[in-house]
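Here is a set of short questions and answers on one structure. Look it over, then read on.

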Amino acid sequence: MWWHRELARRPRLRGNRPLEVTCMTPPPSPVLPRTLAADLSTYADRPGTPVRIDGWVHRRRRLSGLAFVVIRDRSGTAQVVVRDEATLAALDGLPEETTVEVTGTTSTNPQAPGGVEVVDPQLTALTDAAATPPIELWRPKITAGLPTMLDAAPVTWRHPRQQARWHLAAASLHGFRSTLDAAGFTEVHSPKIVESATESGASVFEIDYFGRPAYLAQSPQFYKQVLVGVFERVYEVGPVFTRRAARHRAAPGGVRLARRRARVHRRPPGRGRCSSCRGGGDGRQHPRQSRIGRAAARHRGAGRARGVPVAALPGALEIAGAPADEPDLSPAHERAVGAWAREVHGSDFVVVEGYPTAHRAFYSHPEPANPDWSRSFDLIFRGVELVSGAQRLHRYGDYVQALRARGLPLEPYAAYIDAFKSGIPPHGGFAIGLERWTGRLVGVDNIREVTLFPRDLHRLAP
RNA sequence: GGCCCCGUAGCGCAGCUGGUUAGCGCGUCGCCCUGUCACGGCGAAGGCCGCGGGUUCGAGUCCCGUCGGGGUCGCCA
């Protein structure tokens, strides 16, 4: 039934195709124009109109002399009422999830969901009778466990709730793109196979590239930095490949939205009022030592933030009840800071900024007045780190110095840092994990529930 | 990498200090029900109790190993 139409197949390049835009759509019907299930209610004033609905048999409910067949398409569900003997018998050959074309007549009925249903239908199977799926899709909620859901992913995603989750992801992608496009950003795409793993050097996917070692890209960051030197403002939406050593936290792949822009030399925008400077308890000089922890009670009530509260790291640690010399927030501490933002500021988001330079990657830009601290931030959403970002070094000399300070050799990074000899403007940016965002937004227990086809240590299919 | 929990029918689970034929709900199949919408009623089929070893007269149950799943802490950007 579905046919595959490739658009923009133009570039006939030798070697691999850098980008391909494809789409899938059902063929046009020779008979009646198709009505989407969700649009059936618009026939409330036109009973008796012939209509055609295409979709899946969502659920059959057989009574003695009639049957209700719920048809599901991309828009929702519609009720079809079968009374005729022969069609009733034919329903036995149309189990749930079989694709069918239904032609019938609209009928208004207060007992029908949405007030309009299809009567006197003809049902034509467009595929063979579907096998019984392991997931009971007609239930309001999926009752299967995670492994079952993932094994049956092609069917699991048909569940209306699952579909809604991905629609949310797709809408987020759209919002990200349209916002940045409007701000003068250019969308780019970077190679996913790279020569060396400069980002962390640690957990990467090594692959065989025509007989020599190569790696799956952990991050498009280098290419974005270079392209800031071309477009000033760039962003990319694409997969990243990170390999976590931890047994159960492994989540290679996943979509990240990342942007980078020129001329970021201030701290990230935010409310900022909460990160007022003051001497902290750990004796270190932080450029904006926060008093949030101690003053949390006093901020209560006054802190109905319209924006997002911003906490400097020492203040955030204090809020979380963590030791003042921790270089980062642990997951438990992130939860505590998230709860604080919710309670005190009524915000699901909170920015934590100013991490110790020594504990961020070498390319992080230090505060010029206080190089022990970096111009970096995390955005915490409902207690989990959602966004990580920083201003990055943009001068060649700074890179050399940063690598030397860490005792790292220059040679492996040559290809990376050489680009900064050619006038890359000051810049910074951030990245956000799509699934982490939607997962947290809809409140799933496991991020894989919002990942279309997740990969983990043991899962390579479907 | 440490610690904790779980693998029993297509799906979700129960099965007590070891005991005779391994149960329940949903689904599936059959019969019945003229307005269901998580429809309802009656009946049936469906199991190498993840895998390997051990203890025992006897193991779904106890022990060891292994594979797989989940959680948590650590490591790591």
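A residue counts as buried when its relative accessible area is under 20%. The model discussed here is predicted.

Q: How many of the 10 residues of strand β6 are buried?
A: β6 spans residues 99-108. The strand is mostly covered. Its count of buried residues is 7.

Q: Which residue in β6 stands opposite isoleucine 53?
A: β3 and β6 run antiparallel, joined by 7 bridges. Isoleucine 53 falls within β3 (50-62). Its opposite number in β6 is valine 102.

Q: Which residue in β7 is the bridge partner of threonine 103?
A: Strand β7 covers residues 116-125. It pairs with β6 in the antiparallel sense, over 8 bridges. For threonine 103, the partner in β7 is glutamine 122.

Q: What share of the atoms of RNA strand B within 4 Å of the protein comes from sugar and phosphate?
A: The protein surrounds RNA strand B with 38 residues. Among the closest are Arg61, Gln111 and Arg448. Of the strand's atoms that come within 4 Å of the protein, sugar and phosphate make up 61%.

Q: How many charged residues does the surface near RNA strand B have?
A: β3 and α2 (146-151) each supply at least two residues of this surface. By class, 13 residues are nonpolar and 12 are polar. The charged residues number 13.

Q: How far does a polar side-chain atom of glutamate 117 lie from a base nitrogen of RNA strand B?
A: Bases and phosphates both have polar contacts to consider. A backbone N or O atom of leucine 63 lies 3.5 Å from a base nitrogen. A side-chain N or O atom of threonine 148 is 3.0 Å from a phosphate oxygen. For the side chain of glutamate 117 and a base nitrogen, the distance is 2.6 Å.

Q: Which residue just after α7 takes a positive phi?
A: Helix α7, residues 313-320, is mostly covered, with 7 of its 8 residues buried. The buried ones include Leu313, Leu317 and Ile319. Just after the helix, phi turns positive, at about 75°, in glycine 321.

Q: What is the relative accessible area of glutamate 232?
A: Glutamate 232 lies in the loop between α5 (221-231) and β12 (233-239). Its phi is positive, about 70°, although it is not a glycine. The residue is partly exposed, with a relative accessible area of 49%.

Q: Is arginine 382 buried or partly exposed?
A: Arginine 382 sits in the loop between β18 (376-381) and β19 (384-392). Its phi is positive, near 45°. Its relative accessible area is 33%, so arginine 382 is partly exposed.

Definitions and conventions: Residues numbered from 1 in each chain as written. Chains lettered and ligands numbered in written order. Predicted model: local features only at pLDDT ≥ 70, side-chain atom pairs only at ≥ 80, totals over all residues. Heavy atoms only, no water. Near = heavy atom within 4 Å. Polar contact = N/O pair within 3.5 Å; in protein donor to acceptor, adjacent residues only side chain to side chain. Helix = DSSP H or I, 4+ residues; strand = E, 2+ residues; numbered from the N terminus. Nonpolar A, V, L, I, M, F, W, Y, C, P; charged D, E, K, R; others polar. Buried < 20%, exposed > 50% of the residue type's maximum accessible area, 1.4 Å probe, protein only. Pairing = 2+ DSSP bridges.
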